[in-house]
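Dear colleague,

Please find below the structure that I am handing over to you, followed by an account of what was found in it. I should be grateful if you would read the account with the coordinates open.

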Amino acid sequence: MNFSEVLLLIIAIAITVIAIKITFTFDINKYIENKQEKLKSKIKNYCPHAKFVEINWSIWIQSTFVSPSWTLSYYCDKCSLVRHVLDQSDEERRLELYMKNPDILIKEEKKYVKLLKKGWFL
Ligand SMILES: [Zn+2]
């Protein structure tokens, strides 16, 4: 092997290493992005869309869905889930269930916070 062949071999190896590195970095970024997206949708699934509020020294449970004045849609204050239709009677039933069994809300809130911490959102 003469000098020019060795030089050519070194260049070929360098190009191969760079190509592998670029491919690997790209895949890692995509993998992390996919994982974050999956976690975000999981967080929205686990969000109770309700919170404890204190009104006149007593504890109540309030929906976190709000409708900004310029839109007809509702979005959750906590997880930013958007709902285009919100059945008020369904919503009242859901909150009533939480009022009767606050343990359910506490449990769901714990799961939700755990997922937030897992995704470094807290
Ligand atoms: Zn929510």
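Asn56 counts as exposed, because 5 C-beta neighbours lie inside 10 Å and the cut-off for an exposed residue is 12 or fewer. Please note that the model is a predicted one. Asn56 sits in the loop between strand E1 (50–55) and strand E2 (58–63). Its phi is near 50°, a positive value in a residue other than glycine.

A second residue with a positive phi is Ser80, where the angle is near 60° and the residue is again not glycine. Ser80 belongs to the loop that runs between strand E4 (74–76) and strand E5 (82–83). Ser80 is exposed, since it has 11 other C-beta atoms within 10 Å.

The strands on either side of that loop, E4 and E5, pair in the antiparallel sense over two bridges. In one bridge, the partner of Tyr75 is Val82 of E5. How are the strands ordered in the open sheet? Three strands form it in the order E3-E4-E5, with antiparallel pairing. Strand E3 (65–66) and E5 are the edge strands, each of which pairs on one side only. As a general point, the strands of a sheet pair through backbone hydrogen bonds, in either a parallel or an antiparallel manner.

Turning to the chain as a whole, there are three helices and five strands. From the N terminus on, the elements run α-β-β-β-β-β-α-α. The radius of gyration of the chain is 26 Å, well over the 14 Å that the globule rule gives for 122 residues, so the chain is more spread out than a compact globule. Along the principal axes, the C-alpha atoms fill a box of roughly 90 × 35 × 20 Å. Buried residues make up 7% of the 122 residues in the chain. Among the contacts with a separation of 6 or more, 50% are accounted for by residues 24 or more positions apart.

Helix H1 (residues 3–46) deserves separate mention. At 1.5 Å a residue, its 44 residues should span 64 Å, and the end C-alpha atoms are 64 Å apart, which agrees. How many of the 44 residues of H1 are buried? The number is one, so H1 lies largely in the open. Ile18 is located in helix H1. Ile18 counts as exposed because it has 10 C-beta neighbours inside 10 Å. Ile18 and Gln88 are 70 residues apart along the chain, and their C-alpha atoms are separated by 58 Å.

Finally, the division into domains. The chain is divided into domain 1 (1–45) and domain 2 (47–122). Taken over C-alpha atoms, the centres of domain 1 and domain 2 are separated by 42 Å. Which residues make up the contact between domain 1 and domain 2, in number? Five residues of domain 1 are in contact with eight residues of domain 2. On the side of domain 1 that touches domain 2, the residues divide into two nonpolar, one polar and two charged.

With kind regards

Note on methods:
Residues are numbered from 1 along each chain as its sequence is written. This is a predicted model: local features need pLDDT of at least 70, side-chain atom pairs count only at pLDDT 80 or more; totals for chains, interfaces and linings use all residues. Helices (H or I, at least four residues) and strands (E, at least two) are DSSP runs, numbered from the N terminus. A residue is buried if 20 or more other C-beta atoms lie within 10 Å of its own, exposed if 12 or fewer, and partly exposed in between; C-beta atoms are placed from the backbone. Two strands pair if DSSP finds at least two bridges between them. The expected span of a helix is 1.5 Å times one less than its number of residues. The radius of gyration is taken over C-alpha atoms; the globule rule is 2.2 Å times the number of residues to the power 0.38. Two residues are in contact if their C-beta atoms, placed from the backbone, lie within 7 Å. Domain bounds come from an automatic or database domain assignment. Ala, Val, Leu, Ile, Met, Phe, Trp, Tyr, Cys and Pro count as nonpolar, Asp, Glu, Lys and Arg as charged, and the others, Gly among them, as polar.
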